[in-house]
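Work through the exercises below with the model open. Each task is followed by a solution in steps.

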Amino acid sequence: MRNTAIGATAVIAVLAGPVAAGPAPAAPATSAAEKPAGAERTETGMKHGKHGKPGKAASVHGKGRIAYIESLDHDIRFSVDAEQKPFTRPLPGAAPDGLATDAEGILKFSHTTPNGFRGWAEAKVDCLVTSGRTATLTAVVNKSNVEETGTRLGISVQQGTDGEPDRLGFSWGVVNIDPANLDEEGRPNRLQAGSCMAPAPFTIVTKGGFDVVHAEIRKTPTAAPVR
């Protein structure tokens with residue numbers, strides 16, 4: 001498990017954790033639309049419109065650059081294309097039909113530091129839940145130069161309204177820490193996010209934006225086993 005710098009005096013060099021400075025491997029394109037937050041959406045994020053009505057399934061689409069308080073001079077971008085696919089991921093012995101929040105899609109992020117190093121990751125979405133204009137989702141890393149394959153990442157998105165900017169939160173950084181879970185050097189281990197688990201959207205989207213389509217959670221088709 002990759003460790004992450006924690007605390008007000010420890011600037012997190014890369015979202016996914018500390019990495020050695022140097023040239024990064026070639027990465028998939030993840031650039032955000034160069035538009036102010038709240039402006040007209042890119043084609044990716046206009047499927048339902050900024051104030052779109054709920055569809056048949058919950059979804060989040062869009063891309064944007066964020067302003068993160070620990071790294072305000074860094075270029076940090078996210079891209080999300082996720083849609084809820086209820087009861088498509090069976091969990092033998094626990095949820096044989098899967099969950100109402102099962103989802104699919106792709107999450108990408110990139111983080112370029114002032115010295116030019118670029119950390120990036122691509123992850124497959126596995127869970128999505130919404131409430132109004134807010135969504136949380138998780139995705140499992142399948143490609144990255146800073147994250148271990150198989151790591152689950154948690155993201156939250158809040159679609160702005162009435163001129164307010166969109167917001168975004170992520171599960172790696174200054175959150176998701178168990179003080180009792182330490183490595184051999186006494187530093188907190190970064191915990192993996194559980195499905196659909198993410199912090200409140202604590203950063204502001206400064207360019208681009210995201211569209212959240214809400215849908216109520218569906219009832220499980222079959223009753224859970226009696227214990």
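At 21% relative accessibility, R152 counts as partly exposed, whereas D126 is buried at 10%. This pair returns in Exercise 4. The model is predicted.

**Exercise 1. Inventory the fold**

Task: State how many helices and strands the protein chain has, and give the order of its elements.

Solution.
- Step 1. Count the elements: there are zero helices and ten strands.
- Step 2. Read from the N terminus: the order is β-β-β-β-β-β-β-β-β-β.
- Step 3. Look at the burial: of 227 residues, 43% count as buried.
- Step 4. Look at the surface: the chain exposes about 11,100 Å², and carbon and sulfur atoms supply 55% of that area.
- Step 5. Look at the contacts: among those between residues at least 6 apart in sequence, 63% join residues at least 24 apart.

**Exercise 2. Trace the barrel**

Task: Determine which strands close into a barrel, and in what order.

Solution.
- Step 1. Follow the pairing around: eight strands close up in the order β1-β2-β3-β4-β5-β6-β7-β10.
- Step 2. Assign the sense: the pairing is antiparallel.
- Step 3. Take the twist: from one strand to the next it averages 30°.
- Step 4. Zoom in on one pair: β2 and β3 (residues 103-112) are joined by ten bridges in the antiparallel sense.
- Step 5. Find the register: D75 stands opposite T112 in β3.

**Exercise 3. Resolve the network around D75**

Task: Identify the salt-bridge partners of D75 and describe the burial of each residue.

Solution.
- Step 1. Take the total first: the model holds four salt bridges.
- Step 2. Find one partner: the side chains of D75 and R65 meet at 3.6 Å, N to O. The cut-off is 4 Å, so this pair qualifies.
- Step 3. Place the two residues: D75 lies in strand β2 (residues 75-84) and R65 in strand β1 (residues 59-67), so the bridge ties together parts that are ten residues apart in sequence.
- Step 4. Find another partner: R77 also forms a salt bridge with D75, with the closest N and O atoms 2.6 Å apart.
- Step 5. Classify the burial. D75 has a relative accessible area of 19% and is buried. The limit for buried is under 20%, so a value of 19% falls inside it. R77 is buried as well. R65, at 22%, is partly exposed.

**Exercise 4. Analyse the bridge between D126 and R152**

Task: Give the N to O distance for D126 and R152, and say where each residue lies.

Solution.
- Step 1. Take the distance: the side chains meet in a salt bridge at 2.9 Å, N to O.
- Step 2. Locate the ends: D126 is in strand β4 and R152 in strand β6 (residues 152-158).
- Step 3. Take the separation: the two are 26 residues apart, and the pair links distant parts of the chain.
- Step 4. Recall the burial: D126 is buried, and R152 is partly exposed.
- Step 5. Return to the bridges with shared partners: they join R65, D75 and R77 into one network.

**Exercise 5. Characterise the disulfide**

Task: Find which cysteines form the disulfide, and describe its geometry and setting.

Solution.
- Step 1. Count: there is one disulfide.
- Step 2. Name the pair: C127 and C196, with sulfur atoms 2.0 Å apart. The cut-off is 2.5 Å, so the pair qualifies.
- Step 3. Assign the hand: the angle about the S-S bond is -105°, and the link is left-handed.
- Step 4. Place the ends: C127 is in strand β4 (residues 118-131), and C196 is in the loop between β9 (188-190) and β10 (203-213). The link joins distant parts of the chain, 69 residues apart.
- Step 5. Check accessibility: C127 is buried at 2%, and C196 is buried at 6%.

**Exercise 6. Compare two positive phi values**

Task: For D162 and C196, give phi, location and burial.

Solution.
- Step 1. Take D162: phi is about 55°, a positive value although the residue is not a glycine. D162 sits in the loop between β6 and β7 (167-170).
- Step 2. Take C196: phi is near 65°, again positive in a residue other than glycine. C196 sits in the loop between β9 and β10.
- Step 3. Set the burial side by side: D162 is exposed at 74%, whereas C196 is buried at 6%.

Notes: Residues numbered from 1 in each chain as written. Predicted model: local features only at pLDDT ≥ 70, side-chain atom pairs only at ≥ 80, totals over all residues. Heavy atoms only, no water. Helix = DSSP H or I, 4+ residues; strand = E, 2+ residues; numbered from the N terminus. Buried < 20%, exposed > 50% of the residue type's maximum accessible area, 1.4 Å probe, protein only. Pairing = 2+ DSSP bridges. Axes fitted to C-alpha atoms, helices over the stretch in contact; angles between N-to-C directions. Contact = heavy atoms within 4.5 Å. Areas by Shrake-Rupley, 256 points an atom, 1.4 Å probe, with all protein chains shown as cover.
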